[in-house]
Amino acid sequence: MPPRKNLGPRPKVKKGVLKRTAQYLLEHFGKELAIVFVCLLLSSISSVSMSVFMKKLIDECITPGLESGWDSVVGHVLEVLGMLAVIYAVGIVCSFVHGRLMAVVSQGTLKAMRDDMFDHMQTLPIKYFDTHAHGDIMSTYTNDTDAIRQMIGQTLPSLVTSAISIVSLAAVMMYYSIWLTLLVAVAIFIITKTVGFFGGRSAKYMVAQQKSLAKEEGFIEEMMSGLKVVKVFTHEENAKAEFDELNNRLFHDTCEANKNGNVLGPITNNVGNIFYVIIALVGGCLYFLHVPNLCLRGVEPLTLGIVVTYLGMFRQSSNMVGQISQQITMIAMGLAGAGRVFDLIDEPSEEDDGYVQLVNVYKDENGNLTETKDHSNIWAWKHPHKAEGTITYTELRGDIELVNVDFAYVPEKLVLEDVTLHAKEGQKFAFVGATGAGKTTITNLINRFYDIPDGKIRFDGININKIKKPDLRRSLGLVLQDVNLFTGTVMDNIRYGRLDATDEECIEAAKLANAHDFITRLPEGYDTMLTGNGASLSQGQRQLLSIARAAVANTPVMILDEATSSIDTRTEALVQDGMDKLMHGRTVFVIAHRLSTVRNSDAIIVLDHGKVIERGTHNELIENKGTYYQLYTGAFELD
């Protein structure tokens, strides 16, 4: 095995994670946990009681029976055995109840965590998903929650049982013999220090293992989604080298965790066996030499039953310490997983300080707008003016204006610089430029996926920072180059654009996008199930469904980001008529490398390194014979 590279400091369990996990448990299953604790208490006490009854059985039944005959003690033996049977029965019932309840508590807690994670994830900004590997996020839902399940369902009950048993055994030991108790205390101290040394190292590497596993799964997810690209550019060896580095880190962390964890059992058992022999020898000597036995009741003779009971109680105590040692690594893994879950939950939500809403209105004969709860085809921006205490309504038209907009994803590098443009209602604007020129960034800013530090963007004359983000996005239709289809029927995927759309409206949208013909040829037409992001459809067919989904949304503003780049020439000709119908009467922003698709635009914006270097109609830009002319005539091509 080659030496491990220095891959940075290992993560530690964050403070407060255990407290927050406990709050989750108490908040959702407080009553169940109370019942579980009572069951664990009774179960532990019943287990400890076995040692007490072992002393009674030896000192009050076996020893008198050997000395004076069994007939005199048969009744007492049956009485002791009967009490043992009752205690065993109580322990069995309590174990059954706590086992059933802990299954509900652990799975219920995970359900609550996953609900909170997913609900919160819907509030996160696009930036979070742009900067975090999707496989890493998925690992939080799978590996991390499974580690929490093991901690809650198995480890915590075992720790509580062990703690109660150790305290109970200590009390019983002190009651019977202080000398032997001191000897047991020395043995437990040595076992505990051994557990602390190896268990602490194992816990540290268990935390690192969770992090390494998440990174590796993120890399695998990335490689699977980009496998064709890897093969086309023959980067298999590079991918293998990167994977080997991540896998070596995971191997090292897992190996170190298991090496330290696996030696705990044998070491604690052997140390326990050594002290078992020592206690037996010391106890036997004290018994046969009739050494006065110091206990909580004073000084009493040391009986054979006490010696035998001590051996059993020590074995129980050492086993409990061993169980705790085995659970330390599981606690560390569970807390590491919980820390990553809480990291996701604690991610700052997308900020929305808007107060302008999109509402249904009706227009009277004088053109005045009045808000209505009935569904209408007229929408307006409801703009409350706090200073005046008034409300104004501005009809939704689709007038978009950018004024001196600057933007940077990272502070050192501007992506857009002093961009100004005005797309009036019903106009078609096209953005042209090399990759990285800022075309898609403009559409991201219009959607408020990112907020601008300088400049203004106005929608129907209203600063979009004042508009609530859900209302703003409800007025925008978006067709992307990378189509995302969801598991469900074709009809469901079209209706995703507007969930209250009827089947007839979805079919009309499909006809508008020229998708109706191929849909009717599918095995079950609009009821055909799609899975795996529509893997059974061609790229062009998937894009047509995406366009139909945007059409059914029926928004006044449409953004087409390389919408036809994945469609072949024949399909492009087929869809162009539908696209023209879709764009009619709407404000449209088009991003396209195929300049033939933007010729009929009202304005073509040529971008270069975030700056507008040319603007005008197709004919105007051709006459100017600038950058657009060179692009159109093939003097040079877009990167």
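Helices are DSSP runs of H or I with at least four residues, numbered from the N terminus, and the element names below follow that usage in what is a predicted model.

On the surface, Phe-37, Val-38, Leu-42, Val-86 and Val-90 make up a nonpolar patch whose accessible area together comes to about 410 Å². Two or more of its residues come from each of helix H1 (17-68) and helix H2 (74-121), and H1 gives the most, with three residues. Leu-42 is found in helix H1, and this residue counts as partly exposed because its relative accessibility is 38%, a value between the limits of 20% and 50%.

The second largest pocket has a volume of about 380 Å³ and a lining of 16 residues, with Pro-125, Lys-127, Phe-449, Tyr-450 and Asp-451 lying nearest its centre. Helix H3 (residues 126-131) gives the most to this lining, namely four residues, while by class the lining holds seven nonpolar, two polar and seven charged residues.

Two residues with positive phi are set out below.

| Residue | Phi | Loop | Relative accessibility |
|---|---|---|---|
| Arg-448 | about 60° | between helix H10 (439-446) and strand S10 (454-459) | 3% |
| Asn-514 | near 60° | between helix H13 (503-512) and helix H14 (516-520) | 23% |

Arg-448 has this positive phi although it is not a glycine, and Asn-514 is likewise a residue other than glycine. Arg-448 counts as buried because its relative accessibility is 3%, which is under the 20% limit, whereas Asn-514, at 23%, counts as partly exposed.

Technical notes
Residues numbered from 1 in each chain as written. Predicted model: local features only at pLDDT ≥ 70, side-chain atom pairs only at ≥ 80, totals over all residues. Heavy atoms only, no water. 1 Å grid on protein atoms, 1.4 Å probe; cavity = no way out; pocket = protein on both sides within 12 Å on 5 of 7 lines; lining within 4 Å. Points joined across faces, edges and corners; volume = space filled by probe spheres on them. Nonpolar A, V, L, I, M, F, W, Y, C, P; charged D, E, K, R; others polar. Patch = residues over 30% accessible without salt bridge, like charges linked within 9 Å, V, L, I, M, F, W, Y side chains within 5 Å. Areas by Shrake-Rupley, 256 points an atom, 1.4 Å probe, with all protein chains shown as cover. Salt bridge = Lys/Arg side-chain N within 4 Å of Asp/Glu carboxyl O. Buried < 20%, exposed > 50% of the residue type's maximum accessible area, 1.4 Å probe, protein only.
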